[in-house]
Amino acid sequence: MSKKTLGYIITALVIGTLIFIMVQNTVGQKDPVEAPITQVNEEDALPGEEEGLAQNSVAPDFTLETLAGETVTLSELKGKKVILNFWATWCPPCKAEMPHMESFYSKLTDEDQVELIAINVTESERLGLSEVETFVDDYGLSFPIPLDKTAEVTHTYGVLSMPTTYMVDTQGRIAQKIIGPLDEKALNELVDSMD
């Protein structure tokens, strides 16, 4: 066998392996998975890594303007259970969870005393607000979407990957932090587990 033929075979194997890896990485992103529930504690943090907010700590207050032009202030929601989701339009797991978020939100009633706040990390969007507006229209989202244009709130909450969801209890404290997409069943279980 010539060196040239051997080179072609090796090149084909490398390309085939890369294609296989890319397909494996994208196939699982179509359907959301029930993310493992990650409780935040300082012992789990890697050296030099921000661990986010500690469980049972007070959720930092913020005021952001929504895509609809209204303002959302976290402290005004005290007494309700709050699902605080950080996401971006370019994030495949965020895309996977949004239909589940909308389905969950559409079934909420005033008696539930639950708020879903999906903070768009607008600072990371390549095309800015137009990209967010298109995304919201395409997915038919009706829940509040505050815009973190400078990523200040995202940094305050120590969000390192998206989607990241904080469950905030009725006292305004962090009940849990979940990294990764959630489905409707997981959202219901997380809300039911909070005070």
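**Helix packing and two contrasting residues in a predicted model**

The secondary structure of this protein chain comes to five helices and six strands. Before I continue, please note that this is a predicted model. Along the sequence, the elements follow the pattern α-β-β-β-α-β-α-α-β-β-α. The chain has 195 residues, of which 41% count as buried. As for its contacts, if we take those between residues at least 6 apart in sequence, 74% join residues at least 24 apart.

I shall begin with a pair of helices. Helix α2 covers residues 92-106 and helix α5 covers residues 184-192; they pack at an angle of about 50 degrees, and their axes lie 8 Å apart. That angle makes α2 oblique to α5. The crossing of α2 past α5 is right-handed. Which residues make the contact? From α2 they are H100, M101, S103 and F104, and from α5 they are E184, L187, N188 and V191. By character, the residues of this contact divide into four nonpolar, three polar and one charged.

Let us stay with α5 for a moment. Its buried residues are E184, A186, L187, L190 and V191. They cover an arc of only 160 degrees around the axis, and are therefore on the same side of α5. K185 and D192, on the other side of the helix, are exposed. What covers the buried residues of α5? The cover includes α2, together with the strands β3, β4, β5 (164-168) and β6 (174-179).

I turn next to helix α3, residues 129-139. Here the buried residues are E131, V132, F135 and V136. Viewed down the axis of α3, they fall within an arc of 130 degrees, so they line one face of the helix. The face turned away from that buried side carries D137 and D138, both exposed. The buried residues of α3 pack against β3 (81-87), α2 and β4 (114-120). Thus β3, α2 and β4 serve as packing partners for the buried residues of α3, and β3, α2 and β4 are also among the elements that cover those of α5. Just after α3 comes G140, which takes a positive phi of about 60 degrees.

Two individual residues deserve attention. The first topic is F86, which is found in strand β3. Is F86 buried or exposed? Its relative accessible area is 0%, and because burial means a value under 20%, F86 is buried. Leaving aside residues up to four places away in sequence, F86 touches I119, V153, T154, Y157, V159, M162, P163, T164 and Y166. One of these partners, Y157, is 71 residues from F86 along the chain, yet their C-alpha atoms are separated by 9.5 Å.

The second topic is K107, in the loop between α2 and β4. K107 has a relative accessible area of 54%, and because the cut-off for exposure is over 50%, K107 is exposed. Leaving aside residues up to four places away in sequence, K107 touches D112 and E184. E184 brings us back to the helix pair: this residue is one of those that α5 contributes to the contact with α2, and E184 is also among the buried residues of α5.

To close, I would leave you with the two helices and their faces. The buried residues of α3 line one face, and those of α5 lie on the same side of that helix. The exposed residues D137 and D138 are on the face of α3 turned away from its buried side, while K185 and D192 are exposed on the other side of α5.

Note on methods: Residues numbered from 1 in each chain as written. Predicted model: local features only at pLDDT ≥ 70, side-chain atom pairs only at ≥ 80, totals over all residues. Heavy atoms only, no water. Axes fitted to C-alpha atoms, helices over the stretch in contact; angles between N-to-C directions. Helix = DSSP H or I, 4+ residues; strand = E, 2+ residues; numbered from the N terminus. Parallel < 35°, antiparallel > 145°, perpendicular 65-115°, else oblique. Left-handed = near helix turned anticlockwise from the far one by under 90°. Contact = heavy atoms within 4.5 Å. Nonpolar A, V, L, I, M, F, W, Y, C, P; charged D, E, K, R; others polar. Buried < 20%, exposed > 50% of the residue type's maximum accessible area, 1.4 Å probe, protein only. Arc of directions from axis to C-beta.
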